[in-house]
Structures are given as C-alpha cells and as structure tokens.
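Grab a viewer and something to scribble on. Below you'll find a handful of short exercises, each with its solution worked through.

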2 protein chains.
Amino acid sequence: MEEFATLSGISRPTLSKYFNDPTSVRASTRERIEAALRRYEYKPNVYAINQNRQLTRNIGIVVPFLADPFFAEVARGLEPLCAQSGFNPILLSSHGDPDREVENLESLISIKPAGVLLAPLGRRSRKEDVAAFCRDIPTVLFDCDIEGVGDAFFGSNNTQSVRLIVEYLSRTGQPPALFEMRNAPNPNANKRHAAYEKAMRDLGQEPMFLLAEGSGWDFEEVGLREGRRLIDANALPTDTVLCSNDRLAIGFLAAAYEKGMRVGIGHGHALRVAGHDDHPYAGYTGPALTTVSQDYDAITGTSLDRLLSIIEAGRRPTIRETELFDGTLVMRRSA
Amino acid sequence: MEEFATLSGISRPTLSKYFNDPTSVRASTRERIEAALRRYEYKPNVYAINQNRQLTRNIGIVVPFLADPFFAEVARGLEPLCAQSGFNPILLSSHGDPDREVENLESLISIKPAGVLLAPLGRRSRKEDVAAFCRDIPTVLFDCDIEGVGDAFFGSNNTQSVRLIVEYLSRTGQPPALFEMRNAPNPNANKRHAAYEKAMRDLGQEPMFLLAEGSGWDFEEVGLREGRRLIDANALPTDTVLCSNDRLAIGFLAAAYEKGMRVGIGHGHALRVAGHDDHPYAGYTGPALTTVSQDYDAITGTSLDRLLSIIEAGRRPTIRETELFDGTLVMRRSA
DNA sequence: GATTAAATTTGACGCGCGTAAAATTTTAGA
DNA sequence: TCTAAAATTTTACGCGCGTCAAATTTAATC
C-alpha cells in the first residue's frame, strides 16, 4: 500500500480512508485513486485491514439446513443484498445439528463480524450458547424465533397462513387433518400446530392430527414412510391432508402415488394434499402442490435492513423488534 | 497472546508453534498449554495469524449452484472432511452466473486460501479467468472439467453411467430417447449426449434426441415446460425417455403427471422415464425415479485428498491427474 | 483577493501475531 | 552419569494496515 501510494501520488492515510469508504474522499481524489487502481491493480490485504478495524464488514448468515432448497434460496437472495450494501456475506449451514450451530457461531466470533443473520435450528438449538453469542454480536433472527434472543426477529405469520389454508380447504371440501412430526425439529411446527387447532375450532371442527414418527431433517423420508403407514392403516380421518411443511408433503405425495391414491381436486380423486412454505419443488410434484407461500423477500429484506441499521447506529437497540409477515395462498392441483 | 504467555508460563513463540500445529510441541508442553487454555479461554486473532502466514489454512469450496440440493449435499459432505484435516472450509456458490464465479474466485484470492475445490459452471465459465486463478492457487476441479485447468480433475464416468442406463432401458423395453437441453449450461450434458449416442449405436439403435429450449439452471421448469410441449405435440418417438439429469426428469415427470400419462414399468403404463445423478429428491417423485447415481463420496473425497496432498507437498504437481468414477444403476419405479 | 472550512499530507505508533537466530533447557540414548 | 539431539526460551524484527495529531494544501464563500 505504501508502494501504491507513492506510485499513485496519494498519501497512504488517504488511500486507507478511500478503501474504508470511497465516498469519504473528494471526488477528484477518488478519480485519481481509481485511475491508479486500474493501472497498478493493487488490492488491500484483507487480514491486515481487519486486524486493526474495530468493526469488520463481514456479515454472517447462518441457516439451519442448506441442503434444504428453501434455505438455499434464502441465502441466494441475501448474498447480493449484503454485497450491495458493501458487506461481505459469510454463509454457514448448521446442517440440522445444534452443536454445529454453536460451532458456526463460534467460528464467526473469531472473524469479528459486524453482524449476523441467524435462522436458528429452533427447538433443538443450544439456547444458552446462542443467547450468549447474541449478547456479543449484533444479531437478527429470522425464520424461527427464540424468545428474547437477538436484537430483532422477522418471520412468517403462521397463525394467519395456516388459517388461510385451513379455511380454503374447509370451504372447498372436507376439513383437513394436520400431518406433522411428533417431535418436529423446527419450532414453526409448534406454531402451525396451534394455529391449525385454533382455525379448526373457529370453524366448528374438531382438529385431527396425523403424527409422524421420526427425527432429524429428512422430512421427505419421514413423509414418505409415515404416509405409507397411514395409508396402509387406513388411518386418514378425512380425505384432506394438510402437511406441516412442503417437504413432508412431497414425501406424503410420493406415498400416495405409490399406494395408487389419486391426489387432487374434483371427481376421480381420493385425496387432497396441501403443504406450507411454497418450497422450490412444490410446483413439480405430481400433482403440483397447493400450499401457502411465505413472504421471504420481505422477511430476509427486513432482517438485513434492520441489521444494517443496528450496525450503522453503532449501538444495540433497547427494544427487540418483531414482525410477522403474512403468507399467500398458492393454489395448484393437489388441493 | 503475550499476556496469555506470561499467565501460562509458556513462551510466546512456543504458543505460536502450538497454534500452528499442536503436535509440533512436546506432549508435556501441550498439556500445560491446554490446561492454561481451559483456565483463561484465550483465542488467537484470525486476522493477525493469517497476515503473516505465507499459507493460510483456508480451503475454498466453489460450487456452481447451491440451490441445487445436489451441490448442497456435496458441500455438506466436504465441510466436515476439511475440518477434520484441520482446514477451514469456505463455501461459495456461483448461482449459475459466470461473473459470480469469477467474483468468488477473486474474493478467495484476497483471503489467500491454501487451496480450492472448484466445481466450475463449465461451458459458460470464463475460462481464461478461471485458468488464471488456478495458476496462482492450488486448485482441484471436480464434477465438471475444464481441460488443462487446475491441478487435477475428478468426476463421473459419464460414458459408463449413460451406457449403463441406456443398456438397462433397452434390455427391459423400448430404447430410450434422450431428453436434454439444446443449450445446456452444464458441460456434463455434452458428454452424456455423446455417451448416449455411442451407446445407442453400439446397440444397433438410432439415437433419438428430444431437445428442450431454455437457458439457465431452472432445470425443473425447463423439464416441465418442454415436457408438456413434447407430450402435447405427440413428439415422443418411443415410450422411454432418458433425461440428461434428474432435475430435468423431475420436471418431465410433473408434465407427464399433468397430462395424465402413467409413468412406470409394466402393464398400464404409457411411459418410462429415467434420469441421471440420483438427485436427493429422486426417491420422492411420482413415481420414484429410476436413475444412475454418481459416486460422489469418491469424487469429493478423492478431490480433497488430492488437494491436501498438493498443499502438503508445498509445490504444484507436474502432471494433471484425472480420474472418472463409475456410476451405479438405481432402479426405482419410473423405468 | 481574503477568510474559513474541508480535505489531504506528514510523521509516527501500534495491532497481534509469524518467524528467525542464538542461548538455554530438557530429553533420550549409551 | 555423560553426551548429543530435540525442544524451548529469549530477543528482536517485520507484516500491512488503521488511526491519530499536527501541518499543509485545496476548495468554497464572500
């Protein structure tokens, strides 16, 4: 940098200022720097920069399960947004493992991120460790809340979205039974359970639960296996099944197909199946899956905006902001 | 670190050595350091460490499309392997964009990785830029080759795997037509095209190609749209369709379902559909997809081993190693 | 053209650690 | 117990940059 400074005829501290924030130097100087930059192709050393900066421009993005296309899409949306704001996104996946989640957070600590966007594992998260991290680093939770942890939370309004699909299903046919895991790893499952129960009772219906055994994040496998079991046992109390999430639904649809049960609406169909989330693959199932989409652009966008505002403010907020975004009905062929 | 050195009664250079490689210090000293570590919870500063090290312990993992569960699984497998070897994996996705791919490589340069595992976009890659990167940084390509670029390449034996499924399909029914994109973004598509053609001719059959229009990595969408078109136009020259990859097959199956064509083997089925890759969702389609699995554990494992050996050797290999791993037939219900 | 504020330069220190060379201690082998 | 080899300590320098204070230059205002 010293060398580049003499070559370009700019003083080193000014260069340093430029790299920290190009707009902080006079326009004419910036021009000169950028011209020199094109000639000599100098690049600042990331490690030396961050060693002395109190605040790096790294933003950690931690998702529970990257192999889930859903979170892959989330990450894909978040990365360019970070970059546009001049931050460097660092994507980490917990792969469904609470220990890995804590490891991810710890490895983030060592790179001193300006802030972190965290979609926690949820119910299985090591809450104490996560909370400790959030006390040290500005963190915005999204997708799944851990109460009181982090500076803000943005997620889906499960109450609204589940009610939406329950009412749709009830209006167009038999009321739905809820197909869910007995011990779901994701906490949204709890909220959806409660929302379903409430929505059904408000409609004057008795809730019906189809409990799937299994653990882990292999939802499709659980949906397939337990779907087979339920169909074989003739255990469906109604011809309409609402799956707690689309991945379970994908498995359940596979089971129904295998068992020769025609899924869909109208004559000649034995079963209606709906999901929740509008998974990237929901449009390619047989039949295409009716579901509720989450407003993920809003959730991720708001989460990042909030995090950036906290970072810019330079101090942690006193009140923990929370907002839930409504879902939208996506009517396809399965229900 | 100075402070921690005096507190623990160990000299700073020895500590430095320990953090560089715990086995490089005497066992008794290591014990003392680790005991002190538990008492004072000191953590070295990542940036200061890497500033002066000629060789960081970062390994870049660049995949073409993380939203594809296939590469998500690859990444999931690779990460712990890196960590076990004492390296720090840094996962980047090119999101199907050649410019993004080059950006990823450039951002890797700035963190001076010890080596990089690169699954290139392939045909659309900016080959010059990628090649320039590979000259600077030890790089092992996998999944998709760019000739002469990188220190090694490990991938699938498309010739073998396509022949395998073509022969299987031909033996059990009508010979397959190949459903592929006219301008596929992934170069394995070319190899599969050639392999299909050769396999068919060797069987004394005329190759049949079903060309799908479209660009980008939305394979399911392309498969669905073009599948609809082909079925509507009655353009299938045989009752057996081999899709160039599973994601196309997933879309094609959705189209077949929509059009009421029963897919599967045996009586009452109008169509057989097979794929290639054994995609994570291949077991959950309706019907479950018959396909060829790639030996990804071998590919990723070998790639990492080779990269680590290059890093350890401290110099680039003179000959470019290449190995192709055979695929395995996965017989499910669709063909 | 004078005044003032803003931007830049100069000079200097320090961040937390890697790393090298020489001196010292510990360990292993006979 | 002695000796050579290995490990550790001491001492010291430097990495590439952030950052500060004071001096200087530039630009904007009147």
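The exercises below go from the chain contact to the DNA, then to a sheet and some backbone oddities; keep in mind that this is a predicted model.

**Exercise 1. Work out how chain A and chain B are related, and which residue of chain A comes closest to the rotation axis.**

Solution. Start by superposing chain A on chain B: the operation is a rotation of 180 degrees with 0.0 Å of shift along its axis, and the RMSD is 0.1 Å. The two copies are therefore related as by a two-fold rotation axis. Next, look along chain A for the residue closest to that axis: A:Tyr47 takes the spot, with its C-alpha at 2.2 Å. Finally, check the surfaces: 100% of the contact residues of chain A recur in chain B, so the same surface serves both copies.

**Exercise 2. Describe the contact between the chains: how many residues does each one give, and which elements of chain A take part?**

Solution. Count first: 31 residues come from chain A and 31 residues from chain B. Now sort the chain A side by element. Helix 4, helix 5 (69-84), helix 10 (219-232) and helix 11 (246-258) of chain A each give two or more residues. Then sort that side by class, which yields 19 nonpolar, eight polar and four charged residues.

**Exercise 3. Find the residues that come nearest to DNA strand C, and the helices that supply the surface near this strand.**

Solution. There are 23 residues around DNA strand C, and the nearest are A:Arg26, A:Thr29, B:Met1, B:Ser16 and B:Asn52. Moving on to the helices, helix 2 (12-20) and helix 4 (46-52) of chain A each supply at least two residues, and helix 2 (12-20) and helix 4 (46-52) of chain B do so too. To finish, split the surface by class: nine residues are nonpolar, twelve polar and two charged.

**Exercise 4. In what order do the four strands of the open sheet in chain A run, and why do strand 7 and strand 9 each have a side without a neighbour?**

Solution. The order is 7-6-8-9, with parallel pairing. Strand 7 (209-212) and strand 9 (272-274) of chain A stand at the edges with a single partner strand each, so one side of each is left without a neighbour in the sheet. As for the twist, neighbouring strands are turned by 25 degrees against each other on average, direction ignored. Now zoom in on one pair. Strand 8 (residues 240-243) and strand 9 of chain A are joined in the parallel sense by three bridges, and A:Val241 has A:Val273 in strand 9 as its bridge partner.

**Exercise 5. Locate the cis peptide bond before A:Pro287 and the one before B:Pro287.**

Solution. In chain A, the bond from A:Gly286 to A:Pro287 is cis, with omega near -5 degrees. A:Pro287 sits in the loop between strand 9 and strand 10 (291-293) of chain A. In chain B, a cis bond joins B:Gly286 and B:Pro287, with omega about -5 degrees; B:Pro287 is in the loop between strand 9 (272-274) and strand 10 (291-293) of chain B.

**Exercise 6. Two non-glycine residues of chain B have positive phi, B:His95 and B:Asn234. Buried or exposed: which word fits B:His95, and which fits B:Asn234?**

Solution. Take B:His95 first: phi is about 50 degrees, and the residue lies in the loop between strand 2 (88-93) and helix 6 (98-109) of chain B. The cut-off for buried is 20 or more other C-beta atoms within 10 Å. B:His95 has 20, so it is buried. B:Asn234 has phi near 55 degrees and belongs to the loop between helix 10 (219-232) and strand 8 (240-243) of chain B. Exposed requires 12 or fewer neighbours; B:Asn234 has 6 inside 10 Å, so it counts as exposed.

Technical notes:
Residues numbered from 1 in each chain as written. Chains lettered and ligands numbered in written order. Predicted model: local features only at pLDDT ≥ 70, side-chain atom pairs only at ≥ 80, totals over all residues. Pairing = 2+ DSSP bridges. Axes fitted to C-alpha atoms, helices over the stretch in contact; angles between N-to-C directions. Near = placed C-beta within 6 Å. Nonpolar A, V, L, I, M, F, W, Y, C, P; charged D, E, K, R; others polar. Contact = placed C-beta atoms within 7 Å. Least-squares fit on C-alpha atoms with pLDDT ≥ 70 in both.
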